[in-house]
Every structure is written in structure tokens, then in C-alpha cells.
Amino acid sequence: MIVAVWLYSTFFLIVLILISPNILNIVMPLNESRQSWQLPTTMEFFIDREKYIELLTLYLFVTAFIGLSTMISKEMFLLMYVQHTCAMFQITSYRIERTVNKNHTKSLLSAEKFNSHKSIVEAIDSHQNVIKFVDSLKSTFSVTHLFAISIGVASLSINLYLFCESIMAKDIGSMSMLFLYVSTHFGYMFFFNYIGQLVIDHSDDIFKKICNTRWYAAPLNTQKCLMMITHRSMKTSTLMVCLGLFLPSLEGFTTLVSSSLSYFMVIYSVRR
């Protein structure tokens, strides 16, 4: 929710910066009109650009708003799935911890041993289900984030260069708008990698919880089941995207930032 509010706020601030000259020309007119935002010259329209400038500007803003809303909706769905995944990991670790600590003696009655074994089996099934769910998330979002990461790194590098150019040119308007662009890129990258880190942390937490229990005092059947889930939990579940080329995590965030800064320095050195 915070990310959505931030992105929408940034969008409306950018729109406000772009149309501020037109607003100021009405509110505080000068002897000569302030320079207003121009439509991109590379875009081709089959109507008179000068006559329908307001309509075309509105069209571009609405199109950008729809695109932004689509992206936010996709990321909110991903966040919802990740929260569900983390909750399933927490439930699994809680059930294991509770079952083992509650039945930590080998001299249990047959009924108690059966219930303990049944609880561990259910925990194993729950763990397998959440692993399958993570795999389905990877297959669903892998290709889309392949393009998103590539475009994001390239866009951040270019906007960093333009931001430096606006600073040297002392263009306050462009500087403000590009600062919003750059901060939005950083925020989106951090959000995407942070939710990936959440999955990693909750996946590793199962192995830590098992090691912290008195598993050695549990019934033999329970110990055998614990060996299965312990062996599987040693392999961390991740939201590996880009066909296995990128791992969303806090380390992945630093990698993206480092790559963007490297490309920015290349662009800056070439242009200079």
C-alpha cells in the first residue's frame, strides 16, 4: 500500500511540475509566457498538434496513469502472494516447533506417538505445498520481471545522467522531475528485492526452528520425518527470476544499483 501511494504521489507531482508553467501563466502572468512542456517530437499524431495540445496532453497523462496502475496492480498481486507464502512458512515452522517441543520424550503412549507423527506429516505436506507455490510464482513472474529489470536498470542509468546534466545546467524544473524519476526507480528496485528477501528469510527460518527444538528427544518416527524436512529446508526457497539469472534479495538490490551506476558512469564518460 505504501509503495502504491508513493508511486501515485510521484506521478501526480511529475504531472504538476509539467503543467505548472501553464498554471502560473494564468495565476501569475508575466509579460511573456513561460516555457511550457512540449509533446515529444518523435510521436506522430494525425491531428493538429497545436490546436489540440490540451487534448493530446491529457491523452498522454491518462495513458501513463493506466500503465502505472497496471504495474502497481501486478506488484500488489505479487506482494499478496509473497505474504501468503511467508505465512505458510511461519505456520509450518510453528507446527513443527510446537509438535516437537510438546512431545519431546520417547516414552510416550501409542496414541500420543501417533498424534505426534501425524502432526509432523501434516507439517511436511504443508512445507511441500508452500515450495510448490513458490515454484509457481517463479514461473509466473519470471519473464515479466526479466524485461522489468532490464528496462529499469537502463532507465535508471539514463535518468541519472540527465539528472546530473540538469544540475550542471541549474534547471530547477528538470532537476525536480528527474529527482522524482530516480527516487522512484530506487524505491521500486528496493521493494521488489525486499519481498524476495522476505521469502528467503522465512524459508531459512524453518531450518533454524528445527535445529533449535529438542528433536533428538522426539520419538523415532518423528525424528525420521524431521530428517526429511530438515534436508529439504537446507535448500532455501527463493523467487529466482529472469530464467534463473537474478535472485531478488537485498544483495540483489545492491547488484542492480551497482550496475546502474556503472552504466551511468559509462554514459557520462562517453558523452563528455
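This passage describes the fold, the nonpolar cores, one buried histidine and a surface patch of a predicted model.

The protein contains six helices and zero strands, and its elements, followed from the N terminus, accordingly read α-α-α-α-α-α. Of the 272 residues in the protein, 37% are buried. Among the contacts in the protein with a separation of 6 or more, 78% are between residues that stand 24 or more positions apart. The protein exposes about 16500 Å², and 66% of this area is supplied by carbon and sulfur atoms.

In soluble globular proteins, nonpolar side chains tend to be buried together. In the present model, the largest nonpolar core has 40 residues, of which Val82, Ile96, Ile149 and Phe246 touch the most other members. Two or more residues of this core are given by each of the elements α2, α3, α4 (172–212), α5 (220–233) and α6 (250–271), and the largest share, 13 residues, comes from α3. Another core, made of eleven residues, lies apart from this one and includes Leu7, Phe11, Val15 and Phe61. To return to a member of the largest core, Val82 touches Ile195, Val199 and Leu239 when residues up to four places away in sequence are not counted.

The surroundings of a single histidine can be described in further detail. His145 lies in helix α3, which covers residues 110–169, and this residue counts as buried because its relative accessibility is 1%, whereas the cut-off for a buried residue is under 20% relative accessible area. The side chain of His145 is joined to that of Glu75 by a polar contact of 3.4 Å. When residues up to four places away in sequence are left out, His145 touches Lys74, Glu75, Leu78, Tyr188, Phe192, Val241 and Cys242, so that Glu75 appears both in this list of contacts and as the partner in the polar contact.

Nonpolar residues are also found on the surface of the model, where Phe12, Leu55, Leu58, Val62, Phe65 and Ile66 make a nonpolar patch of about 560 Å². Helix α2, which covers residues 53–102, gives the most to this patch, with five residues, and Leu58 is one of the patch residues that lie in helix α2.

Methods
Residues are numbered from 1 along each chain as its sequence is written. This is a predicted model: local features need pLDDT of at least 70, side-chain atom pairs count only at pLDDT 80 or more; totals for chains, interfaces and linings use all residues. Side-chain values use heavy atoms; hydrogens and water are left out. Patches are made of residues with over 30% relative accessible area and no salt bridge: like charges are joined within 9 Å, nonpolar side chains (Val, Leu, Ile, Met, Phe, Trp, Tyr) within 5 Å. Accessible areas come from the Shrake-Rupley method with a 1.4 Å probe; for residues, only the protein chains shown count as cover. A salt bridge is a side-chain nitrogen of Lys or Arg within 4 Å of a carboxyl oxygen of Asp or Glu. Helices (H or I, at least four residues) and strands (E, at least two) are DSSP runs, numbered from the N terminus. Buried means under 20% relative accessible area, exposed over 50%, partly exposed in between (1.4 Å probe, protein chains only). A polar contact is a pair of N or O atoms within 3.5 Å; within protein, one must be able to donate a hydrogen and the other to accept it, and residues adjacent in sequence count only if both atoms are side-chain atoms. Contact means heavy atoms within 4.5 Å. A nonpolar core is a set of buried Ala, Val, Leu, Ile, Met, Phe, Trp, Tyr and Cys residues joined through side-chain atoms within 4.5 Å.
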